[in-house]
Amino acid sequence: MARRVYELWKGNNKFFLGGRLIFGPDARSLLITLLLVTVPVTIYCVFVARHLRHQFSPHDAGYAVLVAPIVFTIIVLVLLLLTSARDPGIVPRNAHPPEEEIRHDASASADVGGRQTPNLQFPRTKEVMVNGIPVKVKYCDTCMLYRPPRCSHCSICDNCVERFDHHCPWVGQCIGLRNYRFFFCFVSSATLLCIYVFAMCAFYIKVLMDDNRSSVWKAMKESPASAVLMVYCFISLWFVGGLTGFHSFLIISNQTTYENFRYRSDHRPNMYDRGCWNNTSEVFCTKVSPSRNNFRAFVQEEETQQGPPPTTTAGGAEETGDDTDRRAKVENDQDIGGDLLRISRRHHDIIEDIDIRSRGGGSDDVSQHNNSSGVDESVLVGGGTLLSTTSRGRSGSWEREIVPEAVHESRTCVGASKDASFHINENQLVQS
């Protein structure tokens, strides 16, 4: 049956609108981010900007105080959507390991069925040249590919992402090659919005102080919303403002957050640094590379990946594939238990046969005892070797584990019986 790529996606991403929007597994955190942006702006427009409209000489200009934060908020939300709802640069997984990289290690061969089979190994790293400097790239066991330079596997989304920067829980998405510029614009726009709201609230408190000729505390009591917004924006500025400054440094030096934290202590040269202007142009002035994944494309799902069809029980209820597997496992365990019981009984009968022979019993008694107990004479072959005649037509690892133990015990019993018969014959000779 043909299904779309996003329906069979092996990563932890969440898709909406038929695979047109892709989010990370923690997409619910977007609701918190939306509230942190929209609620303060709403409070500002209702309790602060509405009163500031008449504080400017042309009264029409006062509406800009109300319109500006709304436009800022729309820009911030659009950038947030562009950051969190698009492919960050996911490298498609391989269905099979790269065959050209397989090497056969004959020294570490395994003996399977009497034949020597070479052990297949992958080089964990290989070198590629970046700006004339050799760089080691690692093999990803999950995606079965060699990661491109600056690519890393995100443990949260379970994908290899090109130019991986970090996984941001506030936007619920990885930050990589295709959405880094939108992430930076989102953070910097949120910083400007915080500065604007903080400045206008402080201006409104100053207006109240001049009109009422009161102190700062009385003005804050008259407009508590302004005081709360100033505190909120001051705290937010430490977060979004700090991120804006830090990522500005990373853009200028052409680094990622992952590289900065991981290779900071190595003091290795940055082979990607091409100068301040070129580094900045690479982030903002280049065309966004197209996605390497077509999530809405149709693929043919293999029948082997589908579970067994549901079966109907006697009561009319449908039984799923998991229930069928559990039932089959229980029945198989019961069969194995019955086979083990039969092996134990036959082993006990063999020991009795050996005791009868050691005491000098006739062959007729032995054959009669064998026929009465249901034991095959062919069980003993060549000096007490025990053959597995149980569970005919079946094979499994448990037979190979049980039979050697029975062979060992039967050989021990045969040896003991021979010693016993020798001592009996010797006593008879002494008495005679």
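Is Arg292 buried, partly exposed or exposed? I looked it up, and Arg292 is partly exposed, with a relative accessible area of 45%. I must keep in mind that this is a predicted model.

**Entry: the whole chain**

I began with totals. The protein chain has 432 residues, and 35% of them count as buried. I found 10 helices and 17 strands in the secondary structure. The accessible surface comes to about 26400 Å². Carbon and sulfur atoms hold 59% of that surface. Next I looked at contacts between residues at least 6 apart in sequence. Of these, 60% join residues at least 24 apart.

**Entry: salt bridges**

How many salt bridges are there by the rule used here? The count is seven. I looked up three pairs.

Arg93 pairs with Asp158, and their closest N and O atoms are 3.2 Å apart. This pair links distant parts of the chain, 65 residues apart. Arg93 sits in the loop between α2 and β4, while Asp158 sits in the loop between β9 and β10. I noted Arg93 as partly exposed, because its relative accessibility is 27%, and the class runs from 20% to 50%.

Glu162 and Arg292 form another salt bridge, at 3.4 Å from N to O. Here the two partners are 130 residues apart along the chain. Glu162 is in the loop between β10 and β11, and Arg292 is in the loop between α7 and β13. That is the Arg292 of my opening question, partly exposed at 45%.

Arg274 bonds with Glu282 in the third pair I checked, with the closest N and O atoms 3.4 Å apart. Arg274 is partly exposed at 48% relative accessibility. Glu282 is partly exposed too, at 27%.

**Entry: helix α1**

I followed α1 from end to end. The helix covers residues 29-52. Its 24 residues reach 34 Å from first C-alpha to last, close to the 34 Å expected at 1.5 Å a residue. Where is the kink in α1 centred? I found it at Cys45, with a bend of about 40°.

Cys45 is also one of the buried residues of α1. Others in that list include Leu30, Val37, Pro40, Tyr44 and Leu52. What do the buried residues of α1 pack against? They pack against the strand β3 and the helices α2, α3 and α5.

Then I turned to the surface. Leu35, Val39, Ile43, Val46 and Phe47 make a nonpolar patch of about 410 Å². Ile43 lies in α1. Why can Ile43 count towards a patch? Its relative accessible area is 31%, and a patch residue needs over 30%. So Ile43 passes that cut-off, and its class is partly exposed.

**Entry: helix α7**

I checked a second helix. α7 spans residues 276-284, and its buried residues are Asn279, Ser281 and Val283. These pack against α3 and α5.

**Entry: α2 and α3**

I picked one residue from each helix. Leu82 is in α2. It is partly exposed, at 31% relative accessibility. Which residues does Leu82 touch, leaving out those up to four places away in sequence? I found Asn179 and Phe182. I also checked Leu82 against Arg178, which is 96 residues away along the chain. Their C-alpha atoms are separated by 9.8 Å.

Ser189 is in α3. Is Ser189 buried or exposed? Ser189 is buried, because its relative accessibility is 12% and the cut-off is under 20%. Beyond its neighbours within four places in sequence, Ser189 is in contact with Phe72, Ile75, Val76 and Leu79.

**Entry: two positive phi values**

Most residues other than glycine have a negative phi. I noted two residues with a positive value.

Leu17 has a phi near 55°. Leu17 is in the loop between β2 and β3. With a relative accessible area of 60%, Leu17 is exposed.

Arg150 has a phi near 70°. Arg150 lies in the loop between β8 and β9. Arg150 counts as buried, at 14% relative accessibility.

Note on methods: Residues are numbered from 1 along each chain as its sequence is written. This is a predicted model: local features need pLDDT of at least 70, side-chain atom pairs count only at pLDDT 80 or more; totals for chains, interfaces and linings use all residues. Side-chain values use heavy atoms; hydrogens and water are left out. Patches are made of residues with over 30% relative accessible area and no salt bridge: like charges are joined within 9 Å, nonpolar side chains (Val, Leu, Ile, Met, Phe, Trp, Tyr) within 5 Å. Accessible areas come from the Shrake-Rupley method with a 1.4 Å probe; for residues, only the protein chains shown count as cover. A salt bridge is a side-chain nitrogen of Lys or Arg within 4 Å of a carboxyl oxygen of Asp or Glu. Helices (H or I, at least four residues) and strands (E, at least two) are DSSP runs, numbered from the N terminus. Buried means under 20% relative accessible area, exposed over 50%, partly exposed in between (1.4 Å probe, protein chains only). The expected span of a helix is 1.5 Å times one less than its number of residues. The bend at a residue is the angle between axes fitted to the seven residues ending there and the seven starting there. Contact means heavy atoms within 4.5 Å.
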